[in-house]
Amino acid sequence: MSNDSSGVGADILAILELLASDASQEQISLRLSATSPASGDDERSEEVYRAGQLGLRICTQLDQARRREGALHFLIDTAVELTTHCDLDSILHAIIRRTRLIVGADVAFVCLRGDDGAIRIRAADGHVTAATIGLPLPDTGTIGAAVLRNNAPFWTADYLADRRITHDERIDESARAEGLHAVLTVPLNRPHGARPDGVLYAADRKVRNFTADEVGLVRSLALLAGAAIEKARRIDRAGTSIAALEAATARREAELARGRELIESRERVVRLLLRGCDMEALGREASRDLGTTVRIRTSGTSVAIAVGDAPALGEKNIELISSRASSVAGAGWLDNGLYAVPFLTDCADAGHFLAYSDRGITDDEEQRLLPYVEGAALLHRQAHETVIDSEIRDELLDDMLAIPQRPREQILRRARRLGVDLGRSHVVAIAHPEGDARGRAGSCATSYARRVNGLKTVRDERTIFLVPATDGGDAARTVGRELSLMLDCQVTVGASDPVTEPQLVPAKFQEALRCLEALRALGAIGRTASPRELGFAGCLLSDNYDAEEFINSVIGPVLEHDRERSTDLIDTLEAYFDSGGSPTRAASQLFLHPNTVARRIDRIGELLGPTWQDGCSALEIQLAVRLFRIKNALPDSRTTSTDGPPAVCAN
């Protein structure tokens, strides 16, 4: 390797080491800026820069995954904490404290409706003046009133300068006194209330924009808070009587159970995502968990995933769905018993999660529905980000399988850009899912290929993989196991022997295809194999099968015994099969005593195992003996003379 190539490898290795050590984006950027490529070496500079950019992208994706995981744990911890408080003041302070933490805000407020019907600031967290507590919220003309009226979140980067808002002088004066700019407001819904019972505020003393993820998290927190506030008020109304205490205890146990169900739902979704499930699998699990019909609409007005039976949406409902998606209006009921929850993403209309039940969707089911909505939104974002990359990877494998193939250097260069090292040992594996799962195999195959840093494409309802592996049988079993788990069906897989040269991939594809067709012809549905594992049939399927290795793998112990002890077990084995498995006839053929042949047969059994005379084993042993005889009968160039007939190796 040249010095320049070594330098590029060292720079890329340094970036990989930073990623492995969980370095920050700033550390990777500093390492990239410290790289000093040779003067005029544009190709090296481009490779190092590309590696650095990929490192930064991976670091960003890991940070995003950690933030999402942290947000889920934060909401679970919040649900558990809220169930530990019974009085309203403790619950309100827990809510506003966690609201500040979840968005990093300077101040958080909770406004609640009192017994007189007026809504006032009930609790605040952060550096606020005493005059803030108890400040009434006007019925009209403010962002809080708009949130209550529309039952939807609202946020602004600079409250006092925002001309969309109808300002109230008392509210503006309070905002100036506190020095507030950015404000996020979310409605607090009662579990069984037709309208919000209050408003949750998060405010900052600097101008900033709230992200869609932050809005979604605060919205989820507000849903938990509404249930907790309602619980506290019911306990207050119950008083101190024994009957009231018993009722409060029962409610608390029920809420703890609902909290556990919510945690279990989130854990179930996390497990599904970690296993690489697709949108349909997530929808099936949500339908099973909630006992409802599920529709997942990923864009426009099309229903991408449908599980169960439900009424037709109708034009009116489609318009309502689209309007809610464009305004991020939050969850709500539609006509015909449909309950819609939009994906809160950066896209204006990323899609909706629709649930239907003829008995209606309960509040507990609504809470348990949220993790599935978040999981579907995550899958939608991932699919959108990876679709282009998947198409490029599919095109590369298509070009490698094409005849005539693209130039070798062009193939290697494209593979390097995708991070695929074709110099390593790879195996071609062809998977054939059974039943109606073939339509779902594409996304699962893409997920698996990316996870193992391989390539995949689809031809004639068969999924073709090129995966890093040194053993065709191991690769076939791994592919079959992974796809069977993801598709929940039988998957038949044929694999080739390993290949390290891109130009040989078409031949290995034919080898794997012959293995797959042999398995299906034999009725071995849901099984996996490579030419080596098919035994003597591998001689017919493989392009370069090693006959000597086959002989040694089948009768090697017998040949080794003959070499080491100068015995003739191979002759006895051949005579035994030629005589139809009769030791007496074999003894007559070998001019030996039958007891001698019987002892040799017992010794052969010890060397080859107890099943050596069973059907398939016996057939392979006979084939190996024949191949051994043919091999030894062929002319040997080392003993061949030009003056006479070729020498034949005697046994």
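**Notes on the predicted model**

1. F577 makes a good place to start: this residue is buried, with a relative accessible area of 17%. Please keep in mind throughout that the model is predicted. F577 pairs with Y576 in an edge-to-face arrangement, with 5.9 Å from centre to centre and 65° between the planes. Y576 counts as buried too, at 6% relative accessibility. If you colour the rings in your viewer, add W612, since ring pairs link Y576, F577 and W612 into a cluster.

2. Now for the helices around this spot. Helix α18 covers residues 569-578 and helix α20 covers residues 594-608; their axes come within 10 Å and cross at roughly 100°. That crossing makes α18 roughly perpendicular to α20. On the α18 side, the contact is made by L569, T572, L573 and Y576. From α20 come V597, R600, I601, R603, I604 and L607. Sorted by class, the contact of α18 with α20 has seven nonpolar residues, one polar residue and two charged ones. Y576 therefore deserves a second look, being buried at 6% relative accessibility, part of the contact with α20 and a member of the ring cluster.

3. Just ahead of α20 you will find F591, in the loop between α19 (583-590) and α20. Is F591 buried or exposed? At 76% relative accessibility, F591 counts as exposed. Its backbone is worth a glance as well: phi of F591 is near 60°, a positive value in a residue other than glycine.

4. N453 also has a positive phi, near 60°, and is likewise a residue other than glycine. N453 sits in the loop between α13 and β13 (455-459). With a relative accessible area of 30%, N453 is partly exposed.

5. Back to aromatic pairs: a search of the whole structure finds five of them. One is formed by Y448 and F465, whose ring centres are 5.7 Å apart and whose planes meet at 80°, so this pair is edge-to-face. Y448 belongs to helix α13 (residues 441-451) and F465 to strand β14 (residues 462-468), so the pair ties together parts that are 17 residues apart in sequence. Both Y448 and F465 are buried.

6. S425 is another residue to click on. Which elements flank it? S425 lies in the loop between α12 (408-417) and β12 (426-433). The side chain of S425 reaches the backbone oxygen of A469 at 2.7 Å. Leaving aside neighbours within four places in sequence, S425 is in contact with V467, P468, A469 and T470, and also with P498, V499 and T500. A469 thus appears twice for S425, as a contact and as the owner of the backbone oxygen that the side chain reaches.

7. For a link between distant parts of the sequence, try E261 and Q367: they are 106 residues apart along the chain, yet their C-alpha atoms are separated by 9.2 Å. E261 is found in helix α8 (residues 242-274). At 31% relative accessibility, E261 counts as partly exposed.

8. Finally, the overall picture. The protein chain has 21 helices and 16 strands. Of its 651 residues, 47% count as buried. Among contacts between residues at least 6 apart in sequence, 63% join residues at least 24 apart.

Note on methods:
Residues are numbered from 1 along each chain as its sequence is written. This is a predicted model: local features need pLDDT of at least 70, side-chain atom pairs count only at pLDDT 80 or more; totals for chains, interfaces and linings use all residues. Side-chain values use heavy atoms; hydrogens and water are left out. Helices (H or I, at least four residues) and strands (E, at least two) are DSSP runs, numbered from the N terminus. A polar contact is a pair of N or O atoms within 3.5 Å; within protein, one must be able to donate a hydrogen and the other to accept it, and residues adjacent in sequence count only if both atoms are side-chain atoms. Contact means heavy atoms within 4.5 Å. Axes are lines fitted to C-alpha atoms, for helices over the stretch in contact, and angles run from 0 to 180 degrees between N-to-C directions. Angles under 35 degrees count as roughly parallel, over 145 as roughly antiparallel, 65 to 115 as roughly perpendicular and the rest as oblique. Ala, Val, Leu, Ile, Met, Phe, Trp, Tyr, Cys and Pro count as nonpolar, Asp, Glu, Lys and Arg as charged, and the others, Gly among them, as polar. Rings of Phe, Tyr and Trp (its six-membered ring) pair if their centres lie within 6.5 Å; planes under 30 degrees apart count as stacked, over 60 as edge-to-face and the rest as tilted. Buried means under 20% relative accessible area, exposed over 50%, partly exposed in between (1.4 Å probe, protein chains only).
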